Amino acid sequence: MNPRIRLRPTMLSDLDFVISVETDSRNLPFITPWERTQHEGAVRFPDFRHFIVEGGADLASIGFVILQGCRNPQRSVELKRLVLQTKGQGLGRACVRLLKQMAFRDLHAHRFWLDVKQLNTRALALYLSEGFVEEGRLRESVRVVIDGADGYDSLIVMSLLDREYQARVALGLESAALSAAEGPSAPQNLHEEDAR
Ligand SMILES: CC(C)(COP(=O)(O)OP(=O)(O)OC[C@H]1O[C@@H](n2cnc3c(N)ncnc32)[C@H](O)[C@@H]1OP(=O)(O)O)[C@@H](O)C(=O)NCCC(=O)NCCS
């Protein structure tokens, strides 16, 4: 059976959880953690969407997501951050499907984009297999310290355009995100998926 995923808007009272996930040593190599005030800004500022990801049979909090550029006049929405504590169970894929649907259907994005560290092979494989196309590399643009070794990693910029997303929908590649809970009666800002 495939995983169930739900997004709900992050509240200020969730930020202890968000920061604990963000600073977990399993996630730190792949992200640049924010100060609490940056998260507070993202919760409040309308250009952002900050969500808690709930998943599994009990819909427990398993991570968080930040979108940026939601009011961008270029209709270019950024997947700023995606961090899940439960890894390797298909929840990341379910989440990316839901976020694509949100970006293109609800936020009317023309381009949905992200950057990912070259060393992050898991996230890279996920984004590639979900239709994101590499745009280019920002060479050695982030400093990384792993096991005491100091160095640089490159950022890979990837994007998906609305016509590319619609082609995937037509091919049935996005079908897992089309659940009844996503219909017009679904409450605003609450997004749910039963991935099939
Ligand atoms: C990246 C992340 C969101 C992926 O979520 P996940 O639930 O672990 O991923 P899934 O189980 O849905 O797996 C998706 C795909 O990733 C790839 N993958 C999974 N584990 C992998 C691993 N250990 N190594 C390489 N690729 C891997 C596979 O292609 C997999 O698809 P498949 O199982 O159908 O072959 C999650 O692992 C995470 O939060 N990591 C730390 C923070 C992070 O890297 N965020 C992204 C920053 S851009």
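Visitor: Where is Glu 130 found in the chain?

Guide: This is a predicted model, and in it Glu 130 is found in the loop between helix 4 and strand 6, the latter covering residues 133-146.

Visitor: Which residues is Glu 130 in contact with, once its neighbours within four places in sequence are left aside?

Guide: Glu 130 is then in contact with Arg 93 and Val 96. A separate value concerns Leu 160, which is 30 residues away from Glu 130 in sequence, while the two C-alpha atoms are 9.1 Å apart in space.

Visitor: Is Glu 130 buried, exposed or partly exposed?

Guide: Glu 130 counts as partly exposed, because 19 other C-beta atoms lie within 10 Å, and a residue needs 20 or more to be called buried. Over the whole chain of 196 residues, 32% count as buried.

Visitor: In what order do the elements of the chain run from the N terminus on?

Guide: The chain has five helices and eight strands, and their order from the N terminus is β-α-α-β-β-β-α-β-α-β-β-α-β. As for how distant parts of the sequence meet, 60% of the contacts between residues at least 6 apart in sequence join residues at least 24 apart.

Visitor: What do strand 4, helix 3 and strand 5 make together?

Guide: Strand 4, helix 3 and strand 5 make a right-handed β-α-β unit. The two strands of this unit run parallel and are joined by three bridges, and one pair to look for in the model is Glu 78 with its bridge partner Trp 113 in strand 5.

Visitor: How many of the residues of helix 3 are buried?

Guide: In helix 3, 13 of the 16 residues are buried, so the helix is largely enclosed by the rest of the structure. Its length can be checked as well, because 16 residues at 1.5 Å a residue should span 22 Å, and the end C-alpha atoms of helix 3 are 21 Å apart, which agrees.

Visitor: Which residue takes a positive phi just after helix 3?

Guide: The general idea is that most residues other than glycine have a negative phi. Just after helix 3, however, His 108 takes a positive phi of about 55°, and this residue lies in the loop between helix 3 and strand 5. His 108 is exposed, with 11 other C-beta atoms within 10 Å.

Visitor: What is the phi of Leu 59, and where is its place?

Guide: Leu 59 has a positive phi of about 50° although it is not a glycine, and its place is in the loop between strand 2 (48-55) and strand 3 (60-68). Leu 59 is partly exposed, with 14 other C-beta atoms within 10 Å. A positive phi near 50° is also taken by Asp 147, in the hairpin of strand 6 and strand 7, which has two residues between the strands.

Visitor: In which sense do strand 6 and strand 7 pair, parallel or antiparallel?

Guide: Strand 6 and strand 7 pair in the antiparallel sense over ten bridges, and within this pairing Ala 149 in strand 7 is the bridge partner of Ile 146. Strand 7 also pairs with strand 5 in the antiparallel sense, here over seven bridges. Between strand 5 and strand 7, Lys 117 has Leu 155 as its bridge partner, and Val 116 stands opposite Ile 156. When you follow a strand by eye, the general idea is that in a regular strand the side chains alternate between the two faces of the sheet.

Visitor: Which residues come nearest to the ligand?

Guide: Of the 21 residues around the ligand, Phe 30, Lys 87, Gly 92, Arg 93 and Ala 125 come nearest. Strand 4 (76-84), helix 3 (91-106) and helix 4 (121-129) each supply at least two residues of the shell, and the largest share, six residues, comes from helix 4. Sorted by class, the shell has ten nonpolar, eight polar and three charged residues.

Visitor: Which residues is Leu 126 in contact with, leaving aside its neighbours within four places in sequence?

Guide: Leu 126, which is found in helix 4, is in contact with Gly 92, Arg 93 and Val 96. Leu 126 and Gly 92 are 34 residues apart in sequence, yet their C-alpha atoms are 7.8 Å apart in space. With 17 C-beta neighbours inside 10 Å, Leu 126 counts as partly exposed.

Key:
Residues numbered from 1 in each chain as written. Predicted model: local features only at pLDDT ≥ 70, side-chain atom pairs only at ≥ 80, totals over all residues. Helix = DSSP H or I, 4+ residues; strand = E, 2+ residues; numbered from the N terminus. Buried ≥ 20, exposed ≤ 12 C-beta atoms within 10 Å, placed from the backbone. Contact = placed C-beta atoms within 7 Å. Near = placed C-beta within 6 Å. Nonpolar A, V, L, I, M, F, W, Y, C, P; charged D, E, K, R; others polar. Pairing = 2+ DSSP bridges. Right-handed = clockwise from strand over helix to strand, strands pointing away. Expected span 1.5 Å × (residues − 1).
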